[in-house]
Amino acid sequence: MNLRTLPYPKILIAFWTAYFAVLVYRVIWWGADGLYVGHINAYLDWGLHIGLANTYAAKSPSLWFAYHPFFADGKMTYTFLNDFISGILMRAGVPLIPAFIGPAMLEFFFLVLGIYQLFIVLRGSKARACIGLCLFFCAAGLGFVDYFNNFFVNPKLHTLIPNVDYSRLLTYGWWTGNPITGYFLPQRAILLGMPLAIWALIGFFSVLKQPGELSPRSKGILIASGLGAGLLPIAHMHSLIAILLIGFPVAFANYRKWKILLYAGIPGGILSASLYFIFIYGGIENPHFMKWNAGYVCSTVIEWLGFWFSAWGLMIPAAIAGWFLVRKRVNRDTLLFLTGSFILFAIANLIQFQPTIWDNSKLFAWCYLLFSLLAAETIVMLWEKKSYLRPLSIYLFILLTLTGVIELVFLQQIRETYRLIDTEEITLAETIRARTPPLARFLSYRDYDDFIMVWAARPIVMGYEPWVVNDGFLCHQTELDRGIIYHGEKQAISLLRQHNISYVVIGPDVIKHFHPNEEFFHSHFPIVFQSSNYRIYDVRNASGDESQHLISTPSKAKPKKKALHR
């Protein structure tokens, strides 16, 4: 069988696009009592994304970037472009769910097509491109060992259906080894940022390979590629870091082709620098935002080797073997670019780019992408070298994809239901949105599904603390001040003024975690919004002006939001 003649590129591109379309279509829905999602990763991230989209849909453009979505005192540094697209669609009248899943499906299609086309540009082989595509989307590690162990312990038919995420290594804070589960489903920034970066690379390499002078078409491709990459500071910063580090050896080696570099670099550099200085520069408060962290999550070389073997299985040795196999079969620029993936891998194992170390995994995702092409080289060469090596080629492919296949089967099951926001909160949030100033600041609970952030489109003093820390803000004192205010201590009124707080929210989460002193609030400030489970105090007047009118939002009482099983 000749791998070169198999007609599978279109089939594979259609398959992966359809897989994601079916998944994202089913992962978010309206229930009778609120908005639900069907995966824990979506539950942890989509509240923020919906909150940003609501801001762009409901607020005046002059206020779109007036504050950070989960830290009111912070600069708007969050990579917002994909949520901006959804927000503009909502502003034009598209309902929330289509405004989210429509762009997601389209972006994933261009991601799949872009990965295939990039592999073709780099290697010129349909077989290698298709195998590399499957290796990337079926990425994981050795989790299949646990899967089969669980089956042999309880060898029943129903245990063949995976019921846990087998690629997680929670001891190391490694939340998943699969890019669809960990990135493209929940994290909307990389879903737009990676295809932007990949198509920019395709344009750059397609022109770089052309002999002779630049044609007008080639110049246009380079300018478009530069502008696409230039959007990455507001689309996905990790993708910008990745292509700069991976692509540096290629740019350095081609300094004589300065026209190509300038046609892409000038528009891309001007746009990216402008966006960086507008949205990011000066917004990071933590002087230790990035730090040296040799070994990533490991303290010894043996532990480090064991971690990557568990997380990625045979991918690294297969990629190294592929590099040695390909080094004399590709041109200098392709080899330098593939070598850049190892450089990025080394740097990401030495430097922690954000306070939450898991975010380095977005750089590792880029490494895995190019490692997949190199591993595909190893698989194809084993297949084509000698017939007796073909079983080894098949075994290697299975070992590199089996855990990913198990995880992707598990992902499509949508076993759990998580309520992002309920109808009571939506009704109350819409009342707040209609009857409060657009920059009125709210003190509320510190969760990732805070209804003020998600639906009211109003600034909150401080949201989910790990997010705030990870975006580079110094928030320890703010967190202490929140507790002082809720407890009604003697500094509370001065702290309300200091943090410019207009309204204080007391609801089930606040009561459970802060045990607020409601007598303090009731004696000093009027309740201006109220529902079955929430009371919101107007604290704009520190003397407790009782002239405000009570606005009551009727609804049924509700339990605390928890994961519900279907």
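Below is a short chat about pockets, cavities and salt bridges in this predicted model.

Me: What kind of model is this, and what goes into the values?
Reply: It's a predicted model, where local features need pLDDT of at least 70, side-chain atom pairs count only at pLDDT 80 or more, and totals for chains, interfaces and linings use all residues. Residues are numbered from 1 along each chain as its sequence is written, and side-chain values use heavy atoms, with hydrogens and water left out.

Me: OK, pockets. How much space lies in the largest pocket?
Reply: About 1200 Å³. A pocket here is an open set of points on a 1 Å grid over the protein atoms alone, with protein on both sides within 12 Å along at least five of seven lines. The volume is the space filled by probe spheres set on the points, which are joined across faces, edges and corners.

Me: Which residues sit closest to its centre?
Reply: Gln354, Asp359, Lys362, Asn470 and Asp471, out of 42 residues that line the largest pocket. Lining residues have an atom within 4 Å of a point.

Me: Which element gives the largest share of that lining?
Reply: H2, with 5 residues. Helices are DSSP runs of H or I with at least four residues, strands are runs of E with at least two, and both are numbered from the N terminus.

Me: And how does the lining of the largest pocket split by class?
Reply: 23 nonpolar, 13 polar and 6 charged. Nonpolar covers Ala, Val, Leu, Ile, Met, Phe, Trp, Tyr, Cys and Pro, charged covers Asp, Glu, Lys and Arg, and the others, Gly among them, are polar.

Me: What about the second largest pocket, how much space is in there?
Reply: About 510 Å³. Of its 22 lining residues, Ala229, Ile243, Leu244, Ala264 and Gly265 are the closest to the centre. H11 gives the most to this lining, with 7 residues, and by class the lining has 14 nonpolar, 8 polar and no charged residues.

Me: Switching to closed voids: how many cavities of 30 Å³ or more?
Reply: The count is 3. In a cavity, a 1.4 Å probe fits but cannot get out. The largest cavity has a volume of about 120 Å³, and Tyr445, Asp450, Phe451, Asp509 and Tyr534 lie nearest its centre among 14 lining residues. Its lining divides into 6 nonpolar, 2 polar and 6 charged residues.

Me: Now charges. How many salt bridges are there?
Reply: 14, each being a side-chain nitrogen of Lys or Arg within 4 Å of a carboxyl oxygen of Asp or Glu. One of them joins Glu384 and Arg128, at 4.0 Å from N to O. Glu384 is in helix H16 and Arg128 in helix H5, so the pair ties together parts 256 residues apart in sequence.

Me: Is Arg128 buried or exposed?
Reply: Buried, with a relative accessible area of 5%. Buried means under 20%, exposed over 50%, and partly exposed in between, with a 1.4 Å probe and protein chains only. Glu384 counts as partly exposed at 30%.

Me: Which residues are linked with that pair in a network?
Reply: Arg123 and Glu377 join Arg128 and Glu384 in a network of salt bridges.

Me: What else pairs up with Lys259?
Reply: Glu213, with the closest N and O atoms 3.9 Å apart. Lys259 is partly exposed at 40%, whereas Glu213 counts as exposed at 68%.
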